[in-house]
Each structure stands twice: as C-alpha cells, then as structure tokens.
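This report goes through one protein chain, from single residues to sheets and cores. The sequence and the structure are shown first.

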Amino acid sequence: MKYKNAIIVGILIILILAVAFFFWTQQKTDSDKTLWNSNLQTSVFRPQLIAETERGSSSFIRLTWQKPETTYNHFLITVTNPETGWSRTEAGEHERVSLDVSDLDPDTGYTFVVQACGDPDCKTWKTSNEKPSARTEKMFWKFLETKVSDDLVMKEGWESNTNLEQSVFLSTDDKPWTENKNDWQIANVFVQNKPYKIISKLTRVVEDGNEESLFAELLNP
C-alpha cells in the first residue's frame, strides 16, 4: 500500500513539474515577442478607372508600415488567407517600409502581419500591433474588337485558375457583358509581349455544333 502511494505521489510531482516548466517556457517565449506600433496599412495596387469606377489589381495588394524605433535587423511579412489557412512569408531588408504582395487570387480576402527581427540571430521579434485585412479585386476583362496579335504565348495552367465567377466582362464600349457566362469556358490564357497584355480566349459550342470564340484583355492584372 505504501509503495502504491509513493508511486502516485511521484506521478503527481512529475505532472506538477511538467506544468510549471510549460508555463515558464511559455512566458519566456512571450517575453521574446513584443508588439510595436507599425502603422501597418493596406492599399490598392495601381488603382485605375474601369467602367467609371476605381479598381485595384486582382493579384496585388500594397502593404506599408513604419520602422521600429528600437534596434532591429530585418523584416518578415506574412500574408494569410483566413478562409483556407494558406499563408506565405517573405523577407524584407532593413530599410524596407513597403511591399507589393503579388501572386494573390482574385476576389479573395487576406490578412497581413509584419515582424521585425530584433537581433542578427532572430532570437527576439517585434510584431506589428496591427493585422489589417484587404481583398483583391475581381478580374475585369474587356472584349477585343480587333484581331489579336500573332506573338501570343500561352500561360500554362491559367485557364484552370481563372474562375468565371471571379471575373467581370465588359463589352468594347465598357458596358457590362449580358451573356450567360455559364455558356462559355476559358479555353486558354495568353500573354502578348508587345505591348504587354494578358488575353483570355473564351469558347462555346453553338447550335450547329461549331465553336464560337471571343478574346478579352485583362484590365487589372
């Protein structure tokens, strides 16, 4: 009986020590991470008037911040899609105070955090007090009334990544396209080099079995 009680007491002591060690390490970790008033802000990338409304990029968001007043080494910028959990981290040099975050999905919300490495070994970090969110624009396409260039280069995989629901199509006179988008599919996406353009080819099968094609330029890449 005494032996059994000794085992129980020993287990309790081990559990108490483990809990104490956890909280000690957690406090130490938290002490190595401090917040700073970074004035972290997002803004649209390359705003322009499209059909009389200002629109930003469908794949870029501009990020700006202020440097810490204390010593630091370099920055880490993290962008996260809170709906899917996807995230990406980019490094920024010591003097950087802005970043144009690229390769984002259209019509998608993102959250941003900036961290400043406090020493060359990055044992301590300063984290932006703000964690702003922003949303990319939909893709705005305008149909072409002239023949497309012959020097088109196909962008592999773009046709599957270009969602019609995340796209708005305009006619050649900048009016909303009234066709049923479900009747069409994006067959290919091309790059025209001179002048630089991103062009999509939409196709559908008409009643006589023939294929009908339309070409549209991406206005807000």
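## Residues with positive phi

Alanine 51 has a relative accessible area of 35% and is therefore partly exposed, since that class lies between the buried limit of under 20% and the exposed limit of over 50%. The model is a predicted one, and in it alanine 51 sits in the loop that links β3 (48–50) and β4 (53–55). Its phi is near 55°, a positive value in a residue other than glycine.

Aspartate 103 also has a positive phi, near 60°, and is not a glycine. This residue belongs to the loop between β8 and β9. Aspartate 103 counts as exposed, at a relative accessible area of 64%.

## The chain as a whole

The chain contains 17 strands and 2 helices. It has 221 residues, of which 32% are buried. The accessible surface amounts to about 14000 Å², and carbon and sulfur atoms account for 52% of it. Of the contacts between residues at least 6 apart in sequence, 62% link residues at least 24 apart.

## The sheet of three strands

An open sheet is built from 3 strands in the order β2-β5-β8, with antiparallel pairing. Its edges are β2 (41–44) and β8; each has a single partner strand, so one side of each lacks a neighbour in the sheet. On average, neighbouring strands here are turned by 25° against each other, direction ignored. The antiparallel pairing of β2 with β5 extends over 4 bridges, and in it glutamine 41 is opposite threonine 64 of β5.

## Strand β9 and its partners

Strand β9 is largely enclosed by the rest of the structure, because 8 of its 9 residues are buried. The table lists its antiparallel pairings, each with one pair of opposite residues.

| Partner of β9 | Bridges | Residue pair |
|---|---|---|
| β6 | 6 bridges | threonine 80 and threonine 111 |
| β10 (residues 125–128) | 3 bridges | glutamine 115 and threonine 127 |
| β11 (residues 133–135) | 3 bridges | glycine 109 and arginine 135 |

In the pairing with β6, threonine 111 is the residue on the β9 side. Threonine 127 belongs to β10, and arginine 135 to β11.

## Nonpolar cores

In soluble globular proteins, nonpolar side chains tend to be buried together. The largest nonpolar core of this chain comprises 17 residues, and those with the most contacts inside it are Leu63, Trp65, Phe75, Ile77, Phe112 and Val114. Two or more residues come from each of β5 (61–64), β6 (75–80), β8 (98–101) and β9 (109–117). Strand β9 supplies the largest share, 4 residues. A second core, separate from this one, has 13 residues, among them Phe143, Leu164, Val189 and Ile198.

## The sheet of six strands

Another open sheet has 6 strands in the order β13-β15-β16-β17-β12-β14, and its pairing is mixed. The edge strands, β13 (152–154) and β14 (167–170), each pair on one side only. Neighbouring strands in this sheet are turned by 35° against each other on average, direction ignored. Strand β12 (residues 139–143) runs parallel to β14, with 4 bridges between them. Across this pairing, lysine 142 is opposite leucine 170 of β14.

Which residues does serine 200 touch, leaving out those up to four places away in sequence? They are Trp141, Phe169, Ile186, Asn188, Val189, Leu214, Phe215 and Ala216. Serine 200 is part of strand β16 (residues 197–205). With a relative accessible area of 0%, serine 200 is buried, because the limit for that class is under 20%. One of its contacts, Val189, is also a member of the second core.

## Loops on either side of β16

The loop between β15 (185–192) and β16 contains proline 195. The peptide bond between lysine 194 and proline 195 is cis, with omega at about -15°.

Is aspartate 208 buried or exposed? Its relative accessibility is 56%, so aspartate 208 counts as exposed. This residue lies in the loop between β16 and β17 (211–218). A polar atom of the aspartate 208 side chain is 3.0 Å from the backbone nitrogen of asparagine 210.

Definitions and conventions: Residues are numbered from 1 along each chain as its sequence is written. This is a predicted model: local features need pLDDT of at least 70, side-chain atom pairs count only at pLDDT 80 or more; totals for chains, interfaces and linings use all residues. Side-chain values use heavy atoms; hydrogens and water are left out. Two strands pair if DSSP finds at least two bridges between them. Axes are lines fitted to C-alpha atoms, for helices over the stretch in contact, and angles run from 0 to 180 degrees between N-to-C directions. Buried means under 20% relative accessible area, exposed over 50%, partly exposed in between (1.4 Å probe, protein chains only). Contact means heavy atoms within 4.5 Å. Accessible areas come from the Shrake-Rupley method with a 1.4 Å probe; for residues, only the protein chains shown count as cover. A nonpolar core is a set of buried Ala, Val, Leu, Ile, Met, Phe, Trp, Tyr and Cys residues joined through side-chain atoms within 4.5 Å. A polar contact is a pair of N or O atoms within 3.5 Å; within protein, one must be able to donate a hydrogen and the other to accept it, and residues adjacent in sequence count only if both atoms are side-chain atoms.
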